[in-house]
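Reader: Hello! I would like to go through this model with you, one question at a time. Could you show it to me before we begin?

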Amino acid sequence: MLSQSFFTEDTTNNSKVLYAIAFGDALVCSHHTESNVMSNKLGQHPPNPHEVICQLFLDIVKRYSPEAVLLEFDRLFINPVGTINSESHKALKQITLANNEQEFRGTLKRCIYILLNNWIFTRKYQPAIELVEKLSFYQTKNSSDSTSFTSFRHLKLWLANFVNSEDYQEIKLFVSRYENRDRTHWKNRYTSYLLTPQYVNQKNLLEQRQAAKRLSAELQEQYKFDLAMYTARCQCPISSEQRTQNPTALGEEALRLVKKLVTKRGAFSYANLANIFRNQTTDINYENFKQSLIRYLIYSVDNQGLAENLKTKLTRKIEAIYQSHNEEKLNETLMLKTCTRVIEFLTSERNGEPSSLFISMASQGNPLTLAVILLKLTLLCSHSRTHLEVCIAKLIKHYENYDQSECQWLINFLEICQLILTIYTENVRYNLVNMENDTMVNQPIFDDNAYRVFSQVKSKV
């Protein structure tokens, strides 16, 4: 049950401070500093209502318990009670009287991310979950019908619109990492990708972008660590209780794939081939670069028929892009734009639909070849990695309503792609050691049972 609030005003030393004294918990609801009062006396504009409300939560989230902050969030946005004397309620009244739903939504969304960023950064996951649930179940609460709050008549409708919006779905996605309720859906294995469009979208709030980027990096770091631990321990003679869980959905195939990828070393490593290609194309014009890029991408495709088919389709696509720049010398901007367009050809087009090349390769037994080509693009232009993750997120969103059994081919591609990108672009080095003669392998192996995988974290320069 919510406690009543009483407000008193202290005018000592030319400053106003409004205190909300709740039974059992004293909470500073909002404050007016001396400088604000003096600014108003000098004829400057009053504080923006959006900033007043957001500043309240910036202040109290660092000073009070999550329970007290959740109570204040409830009393302001969901179940207004008490009096409208506080600055935050006055600010919200301004927004509602102006019938400005867009400002209300922006204010609510920013306040939510302020709280989530602070709580999750300090590992207070439960209040973050409770905040999302509070929004989901706000209609079950007893909203006040007091005539003092007639100015908030739009609040219920605006909250309903927000809960049914894409903004709220993005918030749920962000918090789902810390709850078990929805973890059974196959798409939740790829939350790090689904968060990427949130933090690259410049139209999103800064707090939202920061939260999404931090969590995405955290998830990728956890996967990297889990994969390194699994590959190092899965062949050790230890008890089942001590074994590390396989972070992939590939089963025993994961270890075999890691071994196969690790054998690509020396002059034939994908990273080395990317460096050679960059050096060879430094001073050529853009048209020649595109022709060379096609050969680079299909190089080492073992299946000759598949290689020819890819060459035909990629040639038609790549030669047609940015033709007005064909005579120009290749530069980093053209490199990035080209790599991102080719990534779209191979995954998801700009309209969000899966590309024909993606469907044909991923669903017809060639997910590894496709993943390797995408890896080559990210090694050639590291900045294109983020765009690849955005395109993967589009694929997941497109198929999210399919049952796992219906899109197992997609899941298989996602698992292979995630594993390959982790092995080749993160700061962990994987080595194969022959347990019989204690030598490392740099050539294709025929009996991978004779080798063990060892992982080593590479120092960051």
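Author: Gladly, and please keep in mind that this is a predicted model. Let us begin with one acidic residue: Glu 415 has a relative accessible area of 1%. The cut-off for buried is under 20%, so Glu 415 counts as buried.

Reader: Which residue does the side chain of Glu 415 meet in a salt bridge?

Author: The N to O distance in this salt bridge is 2.9 Å. The pair links distant parts of the chain, with Glu 415 in helix H19 and its partner in the loop between helix H8 and helix H9, 226 residues apart. The partner of Glu 415 is Arg 189.

Reader: Is Arg 189 buried, exposed or partly exposed?

Author: Its relative accessible area is 37%. Buried requires under 20% and exposed requires over 50%, with partly exposed in between. Arg 189 is therefore partly exposed.

Reader: Which helix gives the most residues to the largest nonpolar core?

Author: That core has 119 residues, and those with the most contacts inside it include Phe 57, Phe 73 and Leu 419. The helix that gives the most to this core spans residues 408-425 and supplies 11 residues. The helix you are after is H19.

Reader: Leaving aside neighbours within four places in sequence, which residues is Leu 293 in contact with?

Author: Leu 293 is listed among the residues with the most contacts inside the core, as is Phe 77. Leaving aside its neighbours within four places in sequence, Leu 293 is in contact with Phe 277, Ile 318, Thr 338, Val 342, Leu 377 and Leu 380.

Reader: How many salt bridges are there by the rule used here?

Author: The rule asks for a side-chain nitrogen of Lys or Arg within 4 Å of a carboxyl oxygen of Asp or Glu. By this rule the count comes to 18.

Reader: How far apart are the closest N and O atoms of Glu 72 and Arg 75?

Author: Both residues lie in helix H3, 3 residues apart, about one turn of the helix. Glu 72 and Arg 75 are both buried. They form a salt bridge, and the closest N and O atoms are 2.7 Å apart.

Reader: Which residue forms a salt bridge with Arg 385?

Author: Arg 385 has 15% relative accessibility and so counts as buried. Its partner is buried as well, with a relative accessible area of 4%. Both lie in helix H18, 4 residues apart, about one turn of the helix. With the closest N and O atoms 3.0 Å apart, the salt bridge of Arg 385 is with Glu 389.

Reader: Which residues are linked with Lys 397 in a network of salt bridges?

Author: Lys 397 is found in helix H18 and is partly exposed, with a relative accessible area of 37%. Leaving aside its neighbours within four places in sequence, Lys 397 is in contact with Glu 166 and Leu 194. The residues linked with Lys 397 in the network are Glu 166, Lys 187 and Glu 400.

Reader: How far apart in space are Lys 397 and Lys 187, C-alpha to C-alpha?

Author: In sequence, Lys 397 and Lys 187 are 210 residues apart. In space, C-alpha to C-alpha, the distance is 8.4 Å.

Reader: Is Lys 109 buried or exposed?

Author: Lys 109 is found in helix H5. Leaving aside its neighbours within four places in sequence, its contacts include Phe 162, Asp 167 and Glu 170. Its relative accessibility is 7%, so Lys 109 counts as buried.

Reader: What do the buried residues of H7 pack against?

Author: Helix H7 covers residues 155-163, and its buried residues include Trp 158, Leu 159 and Phe 162. The buried residues of H7 pack against H3, H4, H5, H6 and H8.

Reader: How many disulfides does a search of the whole structure find?

Author: A disulfide is a covalent bond between the sulfur atoms of two cysteines. The cut-off is a pair of cysteine sulfur atoms within 2.5 Å. Cys 111 is buried, with a relative accessible area of 0%. For the whole structure, the number of disulfides found is 0.

Reader: And which cysteine has the sulfur nearest to that of Cys 111?

Author: Cys 111 is in no disulfide. The nearest cysteine sulfur is 3.9 Å away, and it is that of Cys 54.

Note on methods. Residues numbered from 1 in each chain as written. Predicted model: local features only at pLDDT ≥ 70, side-chain atom pairs only at ≥ 80, totals over all residues. Heavy atoms only, no water. Core = buried A, V, L, I, M, F, W, Y, C linked by side-chain atoms within 4.5 Å. Buried < 20%, exposed > 50% of the residue type's maximum accessible area, 1.4 Å probe, protein only. Helix = DSSP H or I, 4+ residues; strand = E, 2+ residues; numbered from the N terminus. Contact = heavy atoms within 4.5 Å.
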